[in-house]
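Please take a moment to look over the sequence and the model, and then follow the paragraphs below, which go from single contacts to the overall fold and back to the interior.

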Amino acid sequence: VAEAPAAAVNNNPTAANYVALEELTPEQWQKIKDLKAAYLAAGGELDEYGDIFILRFLVDKDWKYEKALKKAKSTAAWRAKSGVNGFRKQIASGLVYNEIPNIKELFTTVAVSNAHSRTKAGDLMTFIDYGSLDVNKFFKLLDNSQYFDINNFILEYVSYHSDKLTQETGALVRQFMVIDAGGIGLAHVSLRMFIRFKP
């Protein structure tokens, strides 16, 4: 009896939620165009990867335009208020991860290790391994707004490069963040928890 051929090994598996830009329909591109105009009209700012940025709202809401529109408008308002549009411009101009403003100061107060990687499906993964915290030093070097800006910068950095990779590869690149804190939860590394231990 002849043996069945071995199954081919797929070194680059396709994710169940895979989105190829070349497979988008004319109707989907029209939704992207319409939502892009609405986002800009709501005060949003877009760069050369604007179509990819807008595509994420529609994919997230399963192409339901009104739901995507609501999310896009609220995002435009938040981005304008938080200053992350300016963060993205700095990243687009060449700012690298270890040049994020005040991140070196943060890393002298918190024992933390950062790493970036790609999944086999091509998505981005950020690993953050937390350790101890020097509360006294933290509050000598950083204030509330700087701490929040660092976190937003990190998220914006990954977001920008995911959009850039999407344009380069032709498939929607998603982002994942894995936080390992040895039993420490997100609540323990929030600013509210830091303040509780402030001398």
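## Salt bridges, helices and cores

In this predicted model, K61 and D60 bring their side chains together in a salt bridge, with 3.9 Å from N to O. K61 is partly exposed, its relative accessible area being 28%. This pair belongs to a structure that holds 10 salt bridges, and some of the others join parts that lie apart in the sequence, as the following pairs show.

One of them is formed by K36 and D51, whose closest N and O atoms are 3.0 Å apart. Because K36 lies in helix α1 (residues 26-41) and D51 in helix α2 (residues 50-60), this pair ties together parts that are 15 residues apart in sequence. Both ends can be placed with respect to the surface: K36 is partly exposed, with a relative accessible area of 27%, and D51 is partly exposed as well, with a relative accessible area of 31%.

Another salt bridge joins the side chains of D163 and R56, at 2.7 Å from N to O. Here D163 lies in helix α7 and R56 in helix α2, so the pair ties together parts that are 107 residues apart in sequence. D163 is buried, with a relative accessible area of 0%. Both D163 and R56 also take part in a network of salt bridges, in which they are linked with D47, R79, R88 and E156.

With these links in mind, the overall fold can be considered. The protein has 8 helices and 3 strands, and along the sequence these elements follow the pattern α-α-α-α-α-β-β-α-α-β-α. Of its 199 residues, 35% count as buried, and among the contacts with a separation of 6 or more, 66% are between residues 24 or more positions apart. The protein exposes about 12000 Å², of which carbon and sulfur atoms supply 54%.

Helix α7, already met through D163, deserves a separate look. This helix has 26 residues and reaches 38 Å from its first C-alpha to its last, which is close to the 38 Å expected at 1.5 Å a residue. Just after α7 comes G170, which takes a positive phi of about 85°.

What lies in the interior? In soluble globular proteins, nonpolar side chains tend to be buried together. In this model the largest nonpolar core has 20 residues, and I100 and L106 are the ones that touch the most other members. The elements that give two or more residues to this core are α4 (84-92), α5 (103-107), α6 (135-141) and α7 (144-169), and α7 gives the most, with 6 residues. When residues up to four places away in sequence are not counted, I100 touches L95, F153 and I154. Apart from this core lies another one, of 19 residues, which includes I52, L55, W63 and A68.

Nonpolar residues are found at the surface too, where L155, M177 and I179 make a nonpolar patch of about 250 Å². M177 is found in strand β3 (residues 175-180), and M177 is partly exposed, with a relative accessible area of 37%. A value between 20% and 50% is what counts as partly exposed, which means that M177 at 37% is placed in neither the buried nor the exposed class.

Conventions
Residues numbered from 1 in each chain as written. Predicted model: local features only at pLDDT ≥ 70, side-chain atom pairs only at ≥ 80, totals over all residues. Heavy atoms only, no water. Core = buried A, V, L, I, M, F, W, Y, C linked by side-chain atoms within 4.5 Å. Buried < 20%, exposed > 50% of the residue type's maximum accessible area, 1.4 Å probe, protein only. Helix = DSSP H or I, 4+ residues; strand = E, 2+ residues; numbered from the N terminus. Contact = heavy atoms within 4.5 Å. Patch = residues over 30% accessible without salt bridge, like charges linked within 9 Å, V, L, I, M, F, W, Y side chains within 5 Å. Areas by Shrake-Rupley, 256 points an atom, 1.4 Å probe, with all protein chains shown as cover. Salt bridge = Lys/Arg side-chain N within 4 Å of Asp/Glu carboxyl O. Expected span 1.5 Å × (residues − 1).
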